[in-house]
Amino acid sequence: VKVSLMALEGYESLSATEVMPTAEWRRYVLRFRSKRGVSLRVGLELRSEGVLWADAAQLERGKDVTAFETRRFHDIDMPENPPAVADHYLPQSYKAPDKVKAVPPPVSPRVNPSRNSYRLNGKEFFPFGFCVTGRYTGLADWERLLDVFSRNGLNFVEISNEAFPKTGKELRDILDAARKRDIAVGFYCGYDGKSGALKTNQVELAASVREHPALLQVGLYDETWGNFSDKLRADNTAWARRQLGDVPIKFNEFDAGVVTHFNYSVADVASVDMYYVGRQDVSAMYYLVNMLRQDNPNRVVMYYPMAAGRFTSDWMRDATPDEVEAQAYAGFCQEAFNTIWWIGMPLGPSVVPALARVKHERDVIDPSRFLDGKKAKVSCESPDDRVKFTARTDGKTLTVISFNASPTATEAVWSLPFDGEAEVLFENRRVKVRNGEMKDRFARHGRHVYRIHR
């Protein structure tokens, strides 16, 4: 077993140890010293077959040591042939708390939670692209990046706090360059890590371009780890709204924030980034999006898988092309078509072509047209419920979007309301549907989009 303690800053392992199997039980200790309260994730990676027992945790503060805490831990039964990593902290089924029913609708008229979409320049819009980290110097730098996006059909770039332009002119120049390439832009405004106060100069810069046709949204609180009160965020967000007008405001949290029901109620957009789901655990991503959607039924939902770049390490490796594609379909199968990959430059050589393929597939599916249809009565049986899907029909055509959340190839048996032949989009093949039943096979992380005409 590899045990890793994940740090708040740097997104990398502070400390790790290899635990080798022995005939005797042993206790191993990892220590981390913090000057302030932080949330930490302990990574447990099974390197061979077996059963892993997590039996206790202990905290130290100064000279005081807490009693061993065992109530929050349980046996972790690993599969016979485990994947590279499995995130067992995610429940396989989930019920949103009743309190979400009282959350008011979003303030911005530019979002539509019922369809999980934005409105940009009078049209429905589903962003698909990158959140860019790192620093850029000059407009030429940004134009080269935007050209990469444009050539590959991506329609959105989000600029992180560390890459935030310094002047209003630089901000407008970037927006103008993006507009010429039909790319929408979002900005992250920073905040003080101790007080939670927003960086007012960044909010005011964003407000100076709030009418620009390329501006999609502004993010205010990113990865707060729940360190600030709901009232503080609400008060600061109210001030920011007065500056930004009806520009949608987004809050973003780590996966742990979603699991613990982070409060997105004063934002228009609820998003999650997925560094801490482990080594590209696609199944974990599916359940995180599921939680986020159920907790925030009247918010637009956006999610951020990890692709490649400077935030990679042994624990957080680059995604493979099939994982990138499955990451997108983890959202598509829940009718969450707003997908943004976190990436540090330079781009991984296999990542952009994979995203271009998935963006093309999403364009063919056409989220607006798909969502115009009605939910269809479709069911699917697969081992361990590996195959996830959504299905809609316009009365004449049934469209089923599906993917295998498991790294293991699997069979699926479908029950469908139509007979005939199912066209499998993007694969140049058809599958027979007899007496409402269809059988098909999925590769590891494989995805199929079926279209059946009455």
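**Close-up 1. Helices α3 and α4 lie roughly parallel to each other.** In this predicted model, the two helices pack at an angle of about 30°, and their axes are 8 Å apart. Angles under 35 degrees count as roughly parallel, so α3 and α4 earn that description. To find the place where they meet, look in α3 for Thr200, Val203, Glu204, Ala206 and Ala207, and in α4 for Trp239, Ala240, Gln243 and Leu244. Sorted by class, this contact has 6 nonpolar, 2 polar and 1 charged residues.

**Close-up 2. The buried residues of α3 have several packing partners.** Helix α3 covers residues 200-207, and its buried residues are Gln202, Val203, Leu205, Ala206 and Ala207. They pack against α2 (168-180), β13 (184-188), β14 (215-222) and α4 (230-244). Try tracing each partner in turn, starting from Val203, one of the buried residues.

**Close-up 3. Asparagine 252 is a buried residue in the model.** You can find asparagine 252 in strand β15, which spans residues 249-254. Is this residue buried or exposed? With a relative accessible area of 0%, asparagine 252 falls under the 20% cut-off and is therefore buried. Its side chain makes a polar contact of 2.7 Å with the side chain of aspartate 222. Another polar contact, of 2.6 Å, links the side chains of asparagine 252 and serine 271. Beyond four places away in sequence, the residues that asparagine 252 touches include Tyr188, Tyr221, Tyr264, Tyr304 and Trp342.

**Close-up 4. Aspartate 322 is partly exposed and joins arginine 444 through a polar contact.** Aspartate 322 belongs to helix α7, residues 321-332. Its relative accessibility is 22%, so aspartate 322 counts as partly exposed. Which residues does aspartate 322 contact, leaving aside neighbours within four places in sequence? They are Arg444 and His445, and the polar contact between the side chains of aspartate 322 and arginine 444 is 2.6 Å. Look for alanine 354 too: aspartate 322 and alanine 354 are 32 residues apart in sequence, but their C-alpha atoms are 7.6 Å apart in space.

**Close-up 5. The largest nonpolar core holds 81 residues.** In soluble globular proteins, nonpolar side chains tend to be buried together. Within this core, Phe130, Leu220, Ile401 and Phe403 touch the most other members. Helix α6 (residues 282-295) gives the most to this core, contributing 8 residues. A second, separate core has 19 residues, among them Leu416, Ala422, Phe442 and Tyr450.

Note on methods:
Residues are numbered from 1 along each chain as its sequence is written. This is a predicted model: local features need pLDDT of at least 70, side-chain atom pairs count only at pLDDT 80 or more; totals for chains, interfaces and linings use all residues. Side-chain values use heavy atoms; hydrogens and water are left out. A nonpolar core is a set of buried Ala, Val, Leu, Ile, Met, Phe, Trp, Tyr and Cys residues joined through side-chain atoms within 4.5 Å. Buried means under 20% relative accessible area, exposed over 50%, partly exposed in between (1.4 Å probe, protein chains only). Helices (H or I, at least four residues) and strands (E, at least two) are DSSP runs, numbered from the N terminus. A polar contact is a pair of N or O atoms within 3.5 Å; within protein, one must be able to donate a hydrogen and the other to accept it, and residues adjacent in sequence count only if both atoms are side-chain atoms. Contact means heavy atoms within 4.5 Å. Axes are lines fitted to C-alpha atoms, for helices over the stretch in contact, and angles run from 0 to 180 degrees between N-to-C directions. Angles under 35 degrees count as roughly parallel, over 145 as roughly antiparallel, 65 to 115 as roughly perpendicular and the rest as oblique. Ala, Val, Leu, Ile, Met, Phe, Trp, Tyr, Cys and Pro count as nonpolar, Asp, Glu, Lys and Arg as charged, and the others, Gly among them, as polar.
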